[in-house]
Amino acid sequence: MILGYAGKFLEVDLSTGEVKETRFSDEVLRDYIGGRGLAAKILWDRLGGRWETVDPLELENILLFLTGPLTGFFPGGRICVSGKSPQSNGVVGSTVAGEFGVELKCAGYDGIIVSGEAEKPVYLFVKDGDVEVRDASHVWGKDAKQTVATLTKECRALLSKRFPMKGEWKEPSILYIGPAGERKVRTAVVAAKWTHAAGYGGYGSVMGSKRLKAIAVKGSGSLPEVADMDKVRELMQAVCSDVYESELWRRWGTGSGGYEVGAKTSSEPVRNWQEEWHDEKSFGVDQFESRVWVKPYWGDFGCPTTCLKVAVVKSGKFKGAMTDNPDYELQAYLGTNLGIFTPEENVFLASLIDDLGLCGIQTGNVMGFAAELFQRGILTKDDLDGLELKWGDAEAFASLARKIAFREGIGDLLAEGTYRAALKIQEMKKADVLQYAVQCKGISIGAHGIRSGKDYPENYSYACSVQGGDHTSTACLPLDDFRSELAMMFNDSAVYCYFNIFGIPRNLKFEFYKAVTGVELTQEDWINTKALRILQLQRAMLLLGGPDLKWKPKIHDSNPPRFHEPLPSGPYKGKTVEKAEVEAEIKRYYEAVGWDENGIPKSETLRKLGLEDVDKALEKLR
Amino acid sequence: MSTKKEQIWIARDLAKCSGCRKCEIACSLFHEKRIWPEASRIRVFMLAPGTDFPHFCAQCEDYPCVQACPVKALSVSEQTGAVLVDRETCIACGQCIEACPGRIPHMHPTEDYILICDLCGGDPQCVKVCQEGSWNVLRVVPRGNYAHRLYARKPEETARSLAIKIYGEEGERLL
């Protein structure tokens with residue numbers, strides 16, 4: 001028997017209200033591990049045969065919340081959210097930090113598989129083996145803070161009522177959506193703890209389409225039995241000891257990115273990527289520390305890094321706004337990318353984005369895109385419902401974010417995300433606006449540019465990723481490089497925070513896996529077989545796509561046009577990415593992962609990995 | 001030959017808590033040989049995000065829980081000053097929870113006896129991990145007269161105090 005798993009998955013059909021338990025064979029768990037890998041397997045098995053016709057925002061999509069065997073053991077707890085993505089029409093393994101995964105395993109489940117859609121708003125309340133679909137009409141329409149407060153109180157009251165002799169009940173762990181998810185905004189997140197989000201993929205809108213406002217879980221059991229607890233303890237200690245010696249993320253969170261990325265490597269989005277550099281002093285994390293941070297360390301289950309910091313605006317017009325750091329991505333996307341360079345305005349926007357249940361990256365990207373169109377006179381004040389979308393105007397961007405979340409006016413169009421909005425505006429304005437859309441396969445690019453070559457050195461990082469613009473899952477060669485998409489896939493399949501792996505020996509995560517599960521896994525086996533198999537599944541579903549959009553590798557395995565413009569400022573002024581060089585690299589990458597010259601996984605590759613049915617399904621693309 | 005001087009106490013600075021819950025992990029590994037947050041004698045509450053804090057026995061001067069126990073299952077360790085639970089004697093009646101000003105004791109999730117911090121026999125594991133990570137929420141100090149009941153607050157009370165401390169006047173509406 002394979003250890004480290006609770007041993008069963010919860011299946012909930014919201015159309016019928018039916019709740020049951022499902023198990024996967026040891027063989028499936030060995031091959032696909034959990035989280036992202038298992039999501040690809042489940043989605044292929046259940047929807048693969050009709051993938052192109054499944055609308056991600058309709059009844060037939062499946063929404064997955066999956067832990068992995070290392071969840072709760074490897075320091076830094078997370079949960080993986082997946083399904084057919086309304087952004088890429090493929091599969092994204094989108095993880096969010098917090099205690100949800102730990103609570104779920106302690107409740108006896110490795111994951112939750114949600115199908116169907118409820119007639120009226122509901123939330124799930126899981127207490128060990130008791131699973132209830134409860135009315136959520138009183139929290140429908142509520143923002144993040146109201147939703148968390150209401151459900152925390154409500155669930156604790158239920159627990160105290162049902163189990164009065166147990167003493168005080170701790171809060172359950174809650175995943176939820178905000179108003180944006182309820183309105184099926186494609187840049188909506190599945191969120192936790194106000195500020196934590198599974199953003200890439202847009203699964204908040206899938207949750208909204210199912211009228212599932214939240215899931216609250218309280219598990220009173222222990223984490224599952226492991227193969228060698230002494231070894232697990234030793235490895236936990238090894239990871240923590242390593243982190244304790246590293247000061248960068250403990251002290252500054254990822255906020256040091258303003259210095260490291262914005263100034264040194266010159267790869268931070270500024271005004272919709274028209275620049276990728278700013279003076280380090282103009283938006284330094286030290287200013288955040290002195291002006292808005294009220295708590296220097298905040299973290300999630302078992303985390304030695306605690307890279308989060310709680311930020312509150314203490315005075316002035318944005319007084320009362322609160323969020324975490326913001327982390328680097330939101331400092332960039334709700335800061336520099338919108339021409340905003342003050343911590344208070346940045347915290348204000350991040351706090352609002354949290355409340356609305358929007359993704360800071362995807363929404364910051366589409367708002368920057370709209371602002372550039374305004375700058376160029378393509379979108380006018382009239383088009384923007386009277387908004388003057390000037391760089392640096394935090395209140396104008398706040399109004400736009402609300403319009404997006406509630407799908408009002410121009411917000412309804414931008415709620416489709418950068419790529420889909422660009423296609424529509426292109427038609428409306430008869431102008432080539434795709435050249436300003438900084439995204440890849442429907443997913444806006446994380447705040448790490450490739451033009452300077454000093455941050456993400458591969459010019460095909462995003463072009464070849466099976467998760468598009470996701471900066472946590474980029475392509476690189478050799479395939480066994482610790483940064484490669486195949487290597488990163490392990491973190492999101494075993495499900496823990498990859499921020500805790502940077503200094504540790506490469507083999508440690510596989511040792512950890514063995515100590516927990518009892519199953520031997522070598523890096524070679526992972527990269528060349530198991531991860532490669534998951535990659536092919538993700539690639540196949542991405543290319544099958546549909547129903548509204550399909551990707552053609554010849555066209556869409558490419559960089560946003562902006563990345564082929566020279567950098568206009570900074571230490572790498574003039575540097576750019578040459579198309580011919582990218583094409584040569586893409587060819588090399590295709591060969592390495594066993595795709596033909598058109599980017600389609602080869603029969604031979606798929607058959608070797610035992611994916612005959614995938615091979616058959618891809619026939620029509622060849 | 002234990003004397004009062006050798007007794008210890010865990011000093012606590014709740015506002016510093018990062019919410020990492022390594023104390024829960026260490027406590028449950030020590031007492032239960034498993035990672036088991038709900039069976040940990042120290043539990044981190046997060047009634048509003050960012051206001052995470054550990055909730056565990058403050059060893060009040062007059063030990064109201066020990067006095068309230070109808071079957072004498074609770075006693076005070078001479079060596080450490082901790083409240084010790086005789087799990088065979090405990091009848092899981094919950095009267096110690098009612099007697100505790102902070103409602104700190106809680107029932108074992110699967111067994112019929114109460115869980116109260118026993119200071120790990122004088123070498124508290126939660127303090128070690130908290131110090132190791134240099135969060136320093138927890139520190140071992142010699143037991144003294146520390147206005148113990150100030151630390152024995154109900155979760156809602158502590159959460160409210162911390163919410164106001166961290167988030168200012170907005171704090172209360174977050175709970």
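This report walks through a predicted model of two chains, from domains and sheets down to a few individual residues.

Residues are numbered from 1 along each chain as its sequence is written, and chains are lettered from A and ligands numbered from 1 in the order in which they are written. Because the model is predicted, local features need pLDDT of at least 70 and side-chain atom pairs count only at pLDDT 80 or more, while totals for chains, interfaces and linings use all residues.

## Domains and the contact between chains

Chain A is divided into domain 1 (1–245 + 481–546), domain 2 (250–444) and domain 3 (590–622); such bounds come from an automatic or database domain assignment. The centres of domain 2 and domain 3 of chain A, taken over C-alpha atoms, are separated by 38 Å.

Where the chains touch, 36 residues come from chain A and 40 residues from chain B. Two residues are in contact if their C-beta atoms, placed from the backbone, lie within 7 Å. On the side of chain A, at least two residues each are supplied by helices H3 (100–106), H4 (144–162) and H7 (229–244) and by strands S13 (293–298) and S14 (308–312). Helices (H or I, at least four residues) and strands (E, at least two) are DSSP runs, numbered from the N terminus. That side of chain A holds 18 nonpolar, ten polar and eight charged residues. Here Ala, Val, Leu, Ile, Met, Phe, Trp, Tyr, Cys and Pro count as nonpolar, Asp, Glu, Lys and Arg as charged, and the others, Gly among them, as polar.

## The six-stranded sheet

Strands of a sheet pair through backbone hydrogen bonds, either parallel or antiparallel. For this report, two strands pair if DSSP finds at least two bridges between them. In chain A, six strands form an open sheet with mixed pairing, in the order S2-S1-S6-S3-S4-S5. Strands S2 (18–22) and S5 (94–97) of chain A stand at the edges with a single partner strand each, so one side of each has no neighbour in the sheet. Neighbouring strands of this sheet are turned by 20° against each other on average, direction ignored. The angles refer to axes, which are lines fitted to C-alpha atoms, for helices over the stretch in contact, and run from 0 to 180 degrees between N-to-C directions.

Here are some strand pairs of chain A, each with one pair of facing residues:

| Strands | Sense and bridges | Facing residues |
|---|---|---|
| S1(A) and S6(A) | parallel, five bridges | A:Val12 and A:Val114 |
| S1(A) and S2(A) | antiparallel, five bridges | A:Phe9 and A:Thr22 |
| S3(A) and S4(A) | antiparallel, three bridges | A:Leu66 and A:Cys80 |
| S7(A) and S8(A) | antiparallel, six bridges | A:Val126 and A:Val131 |

S1(A) and S2(A) form a hairpin with four residues between the strands, where A:Gly17 takes a positive phi near 80°. The hairpin of S7(A) and S8(A) has two residues between its strands. In its turn, A:Asp128 has a positive phi of about 50° although A:Asp128 is not a glycine.

## The three-stranded sheet and its helix

S13, S14 and S15 of chain A form an open antiparallel sheet in that order. Its edge strands are S13 and S15 (322–324), each of which pairs on one side only. Its neighbouring strands are turned by 15° against each other on average, direction ignored.

Helix H12(A) lies across S14 and S15 of chain A and runs at about 90° to S15(A). All 14 of its 14 residues are buried. A residue is buried if 20 or more other C-beta atoms lie within 10 Å of its own, exposed if 12 or fewer, and partly exposed in between, with C-beta atoms placed from the backbone. Just after H12(A), A:Gly357 takes a positive phi of about 75°.

A:Lys295 is a residue to look at here, as its place is in strand S13 of chain A. Its bridge partner in S14(A) is A:Val310. A:Lys295 is buried, with 24 other C-beta atoms within 10 Å. Not counting residues up to four places away in sequence, A:Lys295 touches A:Lys309, A:Val310, B:Gly50 and B:Ile166.

## Backbone details in loops

The peptide bond from A:Asn325 to A:Pro326 is cis, with omega near -10°. A:Pro326 sits in the loop between S15 and helix H11 (328–333) of chain A. Another cis peptide bond runs from A:Leu477 to A:Pro478, with omega near -5°.

In chain B, B:Ala147 has a positive phi of about 50° although it is not a glycine. B:Ala147 counts as exposed, with 9 C-beta neighbours inside 10 Å.
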